[in-house]
Structures are given as structure tokens and as C-alpha cells.
Amino acid sequence: MNPRRGAGAAALAACALGLLVALARAEEAPRRSAAELMDVLMWNREPVGGPFALVDHEGRPRTDADFRGKLLIVYFGFTACPDICPTDLMEVARALTLLGAEAERVQAVFVTLDPERDSPAHLAAYLQSFHPALVGLTGSPDAIRRMADAYKVYFAKAEGADGNGTIEHSAFVYLMDRSGAYLGFFPPGTSAERMLTIIRPQLAAERPGTR
């Protein structure tokens, strides 16, 4: 056996072992708490948003690039959510209605945090009671986790009061500009009227010929 070849193989094996250990430690690292993620958002400590590749409520592949050119409202939740999600979605829907024709320059998306149960068909049936322009997004658990992490969303599975699984999650309404850059968030329970005090100036600033 060539000593150099043997040494090289040993070094390669050591590197591979080190990589496996590092990956194992990364997987074991605890996810950040809701309070930690809230701190990140409140003080803009890290970038928010980024690329994603999911499937919409009509079964079509969708990426972040599909929504360029419009203000993007992003909300994370799940269809079995008993109160917070429907309340916030209703306000998002009202904001779109109040915008009238200007709503064509805004896209609102609902990203499920429960992809195992929220199929495209299930999302379509759920969203039709809110607003026809809402787009539902689902995908693999890994794809959902990556997008949620990019938006600094806290969520975790928990046991529901009825014995069924539920999702504990943060409930911020995110606003992104026409290029996909993060503008800010609305806290849970924000009214449509309050959302429009931020959205309308953004639309005015982004109107063609105003820059």
C-alpha cells in the first residue's frame, strides 16, 4: 500500500467524519424560541424573506419570482387554526377589498405550516371564503420549514385540546416590496384600515413615473 495514498485516504475519512458530526450537531441544535424570533423582527437584526419554491392551491409550482412587480403580503398559518388565522386573513381580505382597483398591484399569499394536511385542494376550499385573489401555498415539510425560517416564523406541532395535533405559531403579516425585499410586518390582530396606512403610501411611491 502506498503510504501517501493511505495517509490521503485517512485524511479524507477524517474530514467526512467531521462533516457528519457537524451536520448531526446542526440537526440537534434547538430552534429559536418565539421570543428570540420576535426580537429579530422587532430590531431588524437579520434579513427577512428570500427565495422559495412551493405549490399553490391550484397545484401549480410557484416561486418568489412569480410575485415580482407587486407588493406581497405574506401570512403563515394553517387551515385548522381555530381563531387567529381566520381573523387575520379576514383583515387581509378586507384590505384588498378596500383597495379596490389598486388591489391588482398587491398579492396576498397564505403559506400553510401544516403541509401534511393542507393539500392544494384543501387550501382552495379554505381560501374561497376569504377573497378570490388570495393564493394558498403548500409544499414539502422541508420546503415549508425553509421558507418559515427565512421569514423568522416560529412554529411547532403541539397536542390540541381535542387530542388532535395543532400548530403553535407566530402570526405576523409580512409586507414585501415589488422586488421581494422586506418592508416590515403587521402584528396579529391588525385591522385592514391600519394595514392600508402603510400599503397605500407604498403603492403611491411605486406608481410608474413617481421615482
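The legends below describe close-up views of a predicted model of a single chain.

**Figure 1. Overview of the predicted chain and its secondary structure.** The chain contains 6 helices and 9 strands. Of its 211 residues, 40% count as buried. Among contacts with a separation of 6 or more, 69% are made between residues that are 24 or more positions apart.

**Figure 2. The largest nonpolar core, with Val74 and its contacts.** This core has 56 residues, and the members that touch the most other members are Val74, Phe76, Val111, Tyr151, Tyr174 and Ile199. Helix 3, which runs over residues 84–99, gives the most to this core, contributing 7 residues. When neighbours within four places in sequence are left aside, Val74 is in contact with Val109, Val111, Met147, Tyr151, Phe172, Val173, Tyr174 and Met176.

**Figure 3. The aromatic cluster around Phe76 and Tyr151.** A search of the whole structure finds 9 aromatic pairs. In one of them, the ring centres of Phe76 and Tyr151 are 5.5 Å apart and the ring planes stand at 55°, so the pair is tilted, an angle over 60 degrees being needed for edge-to-face. Because Phe76 lies in strand 3 and Tyr151 in the loop between helix 5 and strand 6, the pair ties together parts that are 75 residues apart in sequence. Phe76 and Tyr151 are both buried. Ring pairs link these two residues with Phe172, Tyr174 and Phe185 into a cluster.

**Figure 4. Helix 6, its bend and its packing partners.** Helix 6 covers residues 192–205, and its 14 residues should span 20 Å at 1.5 Å a residue, which agrees with the 20 Å between its end C-alpha atoms. Helix 6 bends by about 30° at Ile198, and Pro201 is a proline that follows within four residues. The buried residues of helix 6 are Ala192, Met195, Leu196, Ile199 and Leu203. An α-helix has 3.6 residues a turn, so residues three or four places apart point the same way. The buried residues of helix 6 pack against strand 3 (71–77), helix 3, strand 4 (106–112), strand 8 (173–176) and strand 9 (182–186).

**Figure 5. Helix 5 and the charge of Arg145 over a ring.** In helix 5 (141–150), the buried residues are Ala143, Ile144, Arg145, Met147, Ala148 and Ala150. The charged end of Arg145 sits over the ring of Phe155, at 3.9 Å from the ring centre. The buried residues of helix 5 pack against strand 1 (53–56), strand 3, strand 4, strand 5 (135–138) and strand 6.

**Figure 6. Lys152, a residue with positive phi after helix 5.** Lys152 follows helix 5 and is placed in the loop between helix 5 and strand 6. Although Lys152 is not a glycine, its phi is positive, at about 60°. Most residues other than glycine have a negative phi. The relative accessibility of Lys152 is 7%, which means that Lys152 counts as buried, the cut-off being under 20%.

**Figure 7. Pro141 in helix 5 and its contacts.** Pro141 lies in helix 5 and, at 45% relative accessibility, counts as partly exposed. Pro141 and Leu113 are 28 residues apart in sequence, while their C-alpha atoms are 8.2 Å apart in space. With neighbours within four places in sequence left aside, Pro141 is in contact with Pro115 and Glu116.

**Figure 8. Asp114 in the loop after strand 4.** Asp114 lies in the loop between strand 4 and helix 4 (120–127). The relative accessibility of Asp114 is 3%, so Asp114 counts as buried. Not counting residues up to four places away in sequence, Asp114 touches Gly77, Phe78 and Ile167.

**Figure 9. Thr63 in strand 2 and its contacts.** Thr63 is placed in strand 2, which comprises residues 61–63, and counts as partly exposed at 30% relative accessibility. Thr63 and Pro51 are 12 residues apart in sequence, and their C-alpha atoms are 7.0 Å apart in space. Leaving aside neighbours within four places in sequence, Thr63 is in contact with Phe52 and Ala53.

Definitions and conventions:
Residues are numbered from 1 along each chain as its sequence is written. This is a predicted model: local features need pLDDT of at least 70, side-chain atom pairs count only at pLDDT 80 or more; totals for chains, interfaces and linings use all residues. Side-chain values use heavy atoms; hydrogens and water are left out. A nonpolar core is a set of buried Ala, Val, Leu, Ile, Met, Phe, Trp, Tyr and Cys residues joined through side-chain atoms within 4.5 Å. Buried means under 20% relative accessible area, exposed over 50%, partly exposed in between (1.4 Å probe, protein chains only). Helices (H or I, at least four residues) and strands (E, at least two) are DSSP runs, numbered from the N terminus. Contact means heavy atoms within 4.5 Å. The expected span of a helix is 1.5 Å times one less than its number of residues. The bend at a residue is the angle between axes fitted to the seven residues ending there and the seven starting there. Rings of Phe, Tyr and Trp (its six-membered ring) pair if their centres lie within 6.5 Å; planes under 30 degrees apart count as stacked, over 60 as edge-to-face and the rest as tilted. A charge sits over a ring if NZ of Lys or CZ of Arg is within 6 Å of the ring centre and within 35 degrees of the ring normal.
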